[in-house]
Amino acid sequence: MLSWNLAIAEKYDYLAEKFKAGYKWLAENDIKSMADGKYSIIGDEVVADVQSYTTEPAEKRRFEAHDKYFDIQYVAEGEELFGLCRREGLTLTEARPNNDVEFYADPECFGMVLLKEGDFIVVAPEEAHKPRCAAGSPAKVKKVVIKVKA
């Protein structure tokens with residue numbers, strides 16, 4: 001699935017070498033047996049962050065966005081709902097520039113994608129996302145967030 005705005009369709013190349021390096025790393029590693037933590041793929045240009053957590057009700061999660069990096073969010077085990085919307089026009093509630101993250105109030109309308117084992121989604125700096133949402137009951141998830149420098 002690729003959902004995008006035509007006005008910026010040619011801005012990014014999701015098959016550029018740095019993205020391919022991330023996809024290849026996902027395919028070649030046994031993520032389920034990896035320890036949580038950060039793994040360099042290409043210096044600080046492409047970095048994997050392996051995470052284990054339990055999903056929460058969507059109302060407990062916040063929308064977030066990043067200026068310096070794309071996210072490739074890959075579910076290795078479990079499933080989660082993943083909120084997504086355009087960043088433009090959102091109400092900023094907290095900024096952490098040293099961590100390249102801004103948090104936003106929920107917009108009136110946004111989409112949710114169900115990510116199951118083996119699924120991934122790529123989020124651009126122009127998009128806000130709300131990860132770790134429970135698809136029904138809270139569930140354990142093992143995920144990799146690959147940060148690709150914009």
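**Terms and model.** A residue is called buried when its relative accessible area is under 20%, exposed when that area is over 50%, and partly exposed in between (1.4 Å probe, protein chains only). The views below come from a predicted model, in which local features need pLDDT of at least 70 and side-chain atom pairs count only at pLDDT 80 or more, while totals for chains, interfaces and linings use all residues. Residues are numbered from 1 along each chain as its sequence is written, and side-chain values use heavy atoms, with hydrogens and water left out.

**View 1. Strand S7 is covered on both of its faces.** Strands are DSSP runs of E with at least two residues, numbered from the N terminus. In S7, Val101 and Phe103 are buried on one side. Turn to the other side and you meet Glu102 and Tyr104, which are buried as well. The ring of Phe103 also has company: the charged end of Arg62 sits over this ring, at 3.7 Å from its centre. A charge counts as sitting over a ring if NZ of Lys or CZ of Arg is within 6 Å of the ring centre and within 35 degrees of the ring normal.

**View 2. S7 has antiparallel partners in strand S3 and strand S6.** Two strands pair if DSSP finds at least two bridges between them. S3, made of residues 63-65, pairs with S7 over three bridges in the antiparallel sense. To find your way along this pairing, look for Ala65, which stands opposite Glu102 of S7. S6, residues 92-96, is joined to S7 by four bridges, again antiparallel. Here a handy landmark is Arg96, opposite Val101 in S7.

**View 3. Asp100 sits in the loop between S6 and S7.** S6 and S7 form a hairpin with four residues between the strands. Within this hairpin, Asp100 has a positive phi near 50°, and Asp100 is not a glycine. Is Asp100 buried or exposed? With a relative accessible area of 11%, Asp100 is buried.

**View 4. Strand S10 is mostly covered and pairs with strand S5.** Of the seven residues in S10, six are buried. S5 covers residues 79-86 and runs antiparallel to S10, with five bridges joining the two strands. If you would like a place to start, try Cys85, whose bridge partner in S10 is Ala128.

**View 5. Arg132 of strand S10 lies over the face of Tyr53.** The distance from Arg132 to the ring centre of Tyr53 is 3.9 Å. Arg132 is another residue with an unusual label to check in your viewer: its phi is positive, about 65°, although Arg132 is not a glycine. Arg132 counts as partly exposed, at 26% relative accessibility. Bring Pro57 into the frame too; this proline is found in the loop between S2 and S3. Pro57 is partly exposed, with a relative accessible area of 31%. How far apart are Pro57 and Arg132 in sequence and in space? They are 75 residues apart along the sequence, yet their C-alpha atoms are 8.5 Å apart.

**View 6. Strand S11 pairs with both S2 and S4.** S11 is largely enclosed by the rest of the structure, because seven of its ten residues are buried. S2 runs antiparallel to S11, and nine bridges join them. Follow this pairing to Tyr53, whose bridge partner in S11 is Val141. S4 pairs with S11 through eight bridges, also in the antiparallel sense. On this side, look for Ile72 and its partner in S11, Ile146.

**View 7. The largest pocket is lined by 23 residues.** A pocket is an open set of points on a 1 Å grid over the protein atoms alone, where a 1.4 Å probe fits and protein lies on both sides within 12 Å along at least five of seven lines; lining residues have an atom within 4 Å of a point. Asp49, Gln51, His66, Val145 and Lys147 are the lining residues nearest the centre of the largest pocket. Strands S2 (46-54), S4 (69-77), S7 (101-104), S10 (127-133) and S11 (140-149) each give two or more residues to this lining. Which element gives the largest share? S2 does, with four residues. By type, the lining has eleven charged, seven nonpolar and five polar residues. Here Asp, Glu, Lys and Arg count as charged, Ala, Val, Leu, Ile, Met, Phe, Trp, Tyr, Cys and Pro as nonpolar, and the others, Gly among them, as polar.
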